[in-house]
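Please take me through this model in the viewer, one selection at a time, and tell me what is to be found at each stop.

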Amino acid sequence: GHKMTWKQYHRLEDIHQFMDYLAKTYPSIISVNSIGKSHEGRDLKVLRISDGKPTNKAVWIDGGIHAREWISPATVTYFINQFAENFDVESDDVKNIDWYILPVVNPDGYEFTHLGDRLWRKNRKPQGTTRVCFGADLNRNFGYRWGGKGSSNNPCSDIYRGSRAFSEPETKAVSDFINNSAVNFTAYLTYHSYGQYILYPWGYDSVVPPDYQQLDIVGKDVARAIQQTGGSEYSVGSSSGLLYPAAGGSDDWAKAKGIKYTYTIELSDTGRYGFILPVSYIEPVARESLAGLRVLAAAVNKA
Ligand code: 0X9
Ligand code: ZN
């Protein structure tokens with residue numbers, strides 16, 4: 001059994017049991033595989049939803065890169081639940097995609113925020129020669145323009161980039177999986193909080209990719225669907241332009257690999273509660289985010 005709801009934030013074990021339960025219950029469309037282990041030895045579990053058509057596109061979704069951003073795994077598991085329970089009545093845009101979903105990229109950090117420090121951001125690997133400080137910012141550890149602006153070489157910093165690109169087992173596992181699987185991803189969506197932004201590359205500096213106008217149009221279509229569904233207003237733009245330059249993000253790495261529709265989505269709210277978003281927000285945030293995801297699925301199928 002499992003005891004998943006969207007009326008509370010769940011521990012990692014609950015999320016993993018929920019994923020395993022879905023794979024058992026819907027074996028013809030769902031499988032769960034660990035793509036590696038965190039520093040402390042927790043599984044990095046990816047759930048795949050697919051009807052197996054060879055013509056399907058593929059979309060990667062992850063959450064929980066930053067430990068304290070609890071609305072991210074909650075929203076991503078809501079997507080999983082909706083697609084699993086209603087796959088037969090889903091739109092062709094959803095059914096024509098192989099979905100690969102990793103709800104918690106940073107399980108050690110996530111558990112630490114439940115047990116010790118609610119506002120922890122990084123993973124939990126001891127860093128530097130002295131190992132007195134813990135954690136690299138996994139969203140500064142990816143291998144495209146690693147080490148640039150908006151990242152720190154100080155192991156005690158909250159934006160510590162790690163000792164080299166992919167020095168952390170969590171980022172290494174994600175990149176190895178995406179590089180080595182035969183899957184050809186058309187979209188890479190990474191869910192964070194907070195601020196209500198739909199961000200496209202580049203993050204490393206104030207420049208945009210050649211196809212940024214398409215990314216902007218699709219991003220605005222997604223934002224409109226979110227607003228029409230739940231009322232939240234999302235701003236759309238490049239992450240360096242709208243937020244700040246920050247190198248080593250997973251989005252830049254995915255875009256540099258050629259994954260067309262690459263976005264970082266900063267979920268609710270805009271700062272009233274910030275990372276400590278009350279549980280009553282989970283369902284509305286997840287529901288409107290799913291409306292946005294359906295619009296993204298339509299764009300992927302046209303790509
Ligand atoms: O700074 C980040 O990693 C993200 N914001 S957060 O508040 N969730 O930490 C934004 C990342 C945007 N993408 C890149 N800078 N590459
Ligand atoms: Zn984040």
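Is E69 buried or exposed? With a relative accessibility of 3%, E69 counts as buried, because the buried class takes in residues under 20% relative accessible area. Keep in mind throughout the tour that this is a predicted model.

**The zinc site**

Select the zinc ion (ligand 2) together with H66, E69 and H192, since these are the residues that coordinate the ion: H66 and H192 each through ND1, and E69 through two OE entries, at 2.0 to 2.2 Å. Along the chain, the donors of the zinc ion (ligand 2) follow the spacing H-x2-E-x122-H. H66 is buried as well, its relative accessible area being 3%.

**The largest nonpolar core**

Next, select I61, W99, L189, Y191, Y263, L293 and L296, which are the residues with the most contacts inside the largest nonpolar core, a set of 58 residues. The largest share of this core, 9 residues, is supplied by α9. A second core, separate from this one and made of 20 residues, includes W60, W253, A254 and I259, and it can be shown in another colour.

Returning to I61 and leaving aside its neighbours within four places in sequence, display the residues in contact with I61, which are V76, F79, W99, Y100, I101, L102, L189, Y191 and L293.

**The two cavities**

Now turn on a display of internal voids; the structure holds 2 cavities of 30 Å³ or more. The largest cavity has a volume of about 90 Å³, and to see its walls, select L189, Y191, I198, V222, I226, Y263, I265, S289, G292, L293 and L296. Two or more lining residues come from each of β7 (185-193), α6 (212-230), β10 (261-267) and α9 (282-302), with α9 giving the largest share, 4 residues. Sorted by class, this lining has 9 nonpolar and 2 polar residues, and no charged ones. L189, Y191, Y263, L293 and L296, which appear in this lining, are also among the residues with the most contacts inside the largest nonpolar core.

For the second largest cavity, whose volume is about 40 Å³, select M4, T5, W6, Q8, Y9, H10, I15, P73, A74, T77 and Y110, the residues that line it. Helix α2 (residues 71-85) gives the largest share of this lining, 3 residues. By class, the lining of the second largest cavity has 7 nonpolar and 4 polar residues, again with no charged residue.

**The largest pocket**

Move on to the largest pocket, which has a volume of about 370 Å³. Among the 22 residues that line the largest pocket, those closest to its centre are R121, R140, L243, Y244 and E266, and this group makes a convenient selection on which to centre the view. β7, β8 (197-200) and β10 each contribute at least two residues to the lining of the largest pocket. By class, that lining comprises 7 nonpolar, 9 polar and 6 charged residues.

**Backbone details**

Which peptide bonds are cis, with omega near 5 degrees? One is the bond from P201 to W202, where W202 lies in the loop between β8 and α6. Another is the bond from S268 to D269, also with omega near 5 degrees, and D269 is found in the loop between β10 and α9.

Then select R145 and Q196 to inspect their phi angles. R145, in the loop between β6 (133-134) and α5, has phi near 55 degrees, a positive value in a residue other than glycine; at 49% relative accessibility, R145 counts as partly exposed. Q196, in the loop between β7 and β8, likewise has a positive phi, near 60 degrees, and is not a glycine. Q196 is buried, with a relative accessible area of 9%.

**Last stop: P169**

Finally, select P169, which lies in helix α5 (residues 169-180) and is partly exposed, with a relative accessible area of 25%. Apart from its neighbours within four places in sequence, P169 is in contact with K37, S38, H39, L44 and K125. To gauge a distance across the model, draw a line between the C-alpha atoms of P169 and N56, which are 113 residues apart along the chain and separated by 30 Å.

Note on methods: Residues numbered from 1 in each chain as written. Chains lettered and ligands numbered in written order. Predicted model: local features only at pLDDT ≥ 70, side-chain atom pairs only at ≥ 80, totals over all residues. Heavy atoms only, no water. Donors = N, O, S within 2.8 Å, 3.2 Å for Na, K, Ca; no water. Buried < 20%, exposed > 50% of the residue type's maximum accessible area, 1.4 Å probe, protein only. Contact = heavy atoms within 4.5 Å. 1 Å grid on protein atoms, 1.4 Å probe; cavity = no way out; pocket = protein on both sides within 12 Å on 5 of 7 lines; lining within 4 Å. Points joined across faces, edges and corners; volume = space filled by probe spheres on them. Nonpolar A, V, L, I, M, F, W, Y, C, P; charged D, E, K, R; others polar. Core = buried A, V, L, I, M, F, W, Y, C linked by side-chain atoms within 4.5 Å.
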